[in-house]
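Here's a walk through one chain, from the overall fold down to single residues. Have a look at the model first, then read on.

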Amino acid sequence: MEHVAWSKKVPEQLHWVLQELLGEFDEARGPIDMLSRYLKVPAPNLYDVNGPQWVHEQLARLAPQRVYELVEHLERGRSHHDELVSKSLAEEGVPLRMLAGSFVPVDQAATELDVDDSLSQPDSLLHGRFSPTKQQWDVSRRELLAGHHESAVAAAVNALESAVRIAADAKSISEGARTLFKGHRAPLGAALSQLHNYGSAMPNVRHGGQVASTMTRTEATAVCRAAAVFIVMVVNLDNEGVLPLTS
């Protein structure tokens with residue numbers, strides 16, 4: 001959670017989400033007991049204090065970073081508020097987004113290139129016969145969030161291979177890429193294959209190994225983002241019925 005220290009700004013919408021998350025506790029003492037444990041402060045006697053007022057006072061004392069941490073803690077990997085929170089963060093100029101209940105930094109270069117959302121684009125497309133691709137893609141997203149760079153890349157290139165093989169009805173990504181992109185489009189197919197080859201060549205990615213990890217978060221994010229763009233392209237072209245592309 002080091003990245004939340006980048007921001008001293010807490011959008012008002014985030015406070016609303018925090019209140020909603022605390023409201024999910026069934027019992028009246030639920031939010032009180034949870035905050036007491038989380039903040040390591042004594043729980044009040046409800047005969048002596050007003051419970052909701054105590055909760056409000058505790059939340060008002062939280063430093064910005066603690067607000068982010070508490071929201072992430074209560075979301076527990078869910079995606080219930082991803083869109084709402086991410087939109088609010090963007091409107092306030094906070095360089096974070098929420099993905100699967102966790103806060104992730106926004107890559108400024110990716111924002112300028114208008115590809116910062118490419119990691120989530122495949123989700124709405126991967127259904128029906130592309131369902132196996134979605135399973136791999138979901139693994140990649142979770143692993144990237146957890147900071148497991150090699151396994152995130154492995155799952156991303158596996159998802160790409162799955163999409164290409166399904167679209168081309170092929171046994172391998174190289175065969176599928178050659179089938180789908182011919183003539184002047186052949187370099188595009190080669191780029192697909194080379195991204196997959198990168199995953200095979202890197203230690204500890206697709207074939208395991210004992211070499212110490214050298215992959216950075218930026219590198220892993222870029223590879224996963226590139227895989228996402230290619231997956232979206234292949235599935236969309238398949239849905240449009242224009243594959244294979246030839247010249």
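How are α2 and α3 oriented to each other? They come out roughly parallel (angles under 35 degrees count as that, over 145 as roughly antiparallel, 65 to 115 as roughly perpendicular and the rest as oblique). Before going further, a word on the model: this is a predicted one, where local features need pLDDT of at least 70 and side-chain atom pairs count only at pLDDT 80 or more, while totals for chains, interfaces and linings use all residues. Residues are numbered from 1 along each chain as its sequence is written, and side-chain values use heavy atoms, with hydrogens and water left out.

**The overall picture**

The chain has 11 helices and two strands; both kinds of element are DSSP runs numbered from the N terminus, helices being H or I with at least four residues and strands E with at least two. Reading from the N terminus, the order is α-α-α-α-α-β-β-α-α-α-α-α-α. Of the 247 residues, 44% are buried, where buried means under 20% relative accessible area, exposed over 50% and partly exposed in between (1.4 Å probe, protein chains only). About 13200 Å² of the chain is exposed, with carbon and sulfur atoms supplying 52% of that area; accessible areas come from the Shrake-Rupley method with a 1.4 Å probe, and for residues only the protein chains shown count as cover. Among contacts (heavy atoms within 4.5 Å) with a separation of 6 or more, 61% are between residues 24 or more positions apart.

**Two helix pairs**

Two packed helices are described by the angle between their axes and the distance between the axes. The axes are lines fitted to C-alpha atoms, for helices over the stretch in contact, and the angles run from 0 to 180 degrees between N-to-C directions. Here are two pairs in this chain.

| Helix pair | Angle between axes | Distance between axes |
|---|---|---|
| α2 and α3 | about 30 degrees | 10 Å |
| α7 and α8 | about 165 degrees | 8 Å |

With its angle of about 165 degrees, the second pair has α7 roughly antiparallel to α8. The crossing of α2 and α3 is left-handed, and α7 also passes α8 in a left-handed crossing. A crossing gets that label if the near helix is turned anticlockwise from the far one by less than a right angle, and is right-handed if clockwise.

Who does the touching? Between α2 and α3, the α2 side uses Pro31, Ile32, Leu35, Ser36 and Leu39, and the α3 side uses Gly51, Trp54, Val55, Gln58 and Leu59. For the other pair, the α7 residues include Trp137, Val139 and Leu144, and the α8 residues they meet include Ala152, Ala155, Ala159 and Ile166.

**An aromatic pair**

The structure holds one aromatic pair. Tyr68 and Phe103 sit edge-to-face, 5.1 Å centre to centre and with 80 degrees between the planes. Rings of Phe, Tyr and Trp (its six-membered ring) pair if their centres lie within 6.5 Å, with planes under 30 degrees apart counted as stacked, over 60 as edge-to-face and the rest as tilted. Tyr68 belongs to helix α4 (residues 64-75) and Phe103 to strand β2 (residues 102-105), so the pair ties together parts that are 35 residues apart in sequence. Both Tyr68 and Phe103 are buried.

**Buried spots worth a click**

Pro122 is in the loop between α6 (108-112) and α7 (131-145), and is buried at a relative accessible area of 1%. Setting aside neighbours within four places in sequence, Pro122 is in contact with Trp137, Ala228, Ile231 and Val232. Ala228 is 106 residues away from Pro122 in sequence, yet the two are 6.4 Å apart in space, C-alpha to C-alpha.

Thr221, in helix α11, is buried too, with a relative accessible area of 9%. Its C-alpha is 8.6 Å from that of Ala152, with their positions 69 residues apart in sequence. Ser88 lies in helix α5 (residues 82-91) and is buried at 10% relative accessibility. Not counting residues up to four places away in sequence, Ser88 touches Pro11 and Gln13.

**Backbone oddities**

Lys40 is not a glycine but has a positive phi of about 60 degrees. Lys40 is in the loop between α2 (30-39) and α3 (51-60), and is exposed at 73% relative accessibility. Asp169 has a positive phi as well, near 55 degrees. Asp169 is in the loop between α8 (149-168) and α9 (173-180), exposed at 70% relative accessibility.

Finally, the peptide bond from Leu243 to Pro244 is cis, with omega near 0 degrees. Pro244 is in the segment after α11 (217-240).
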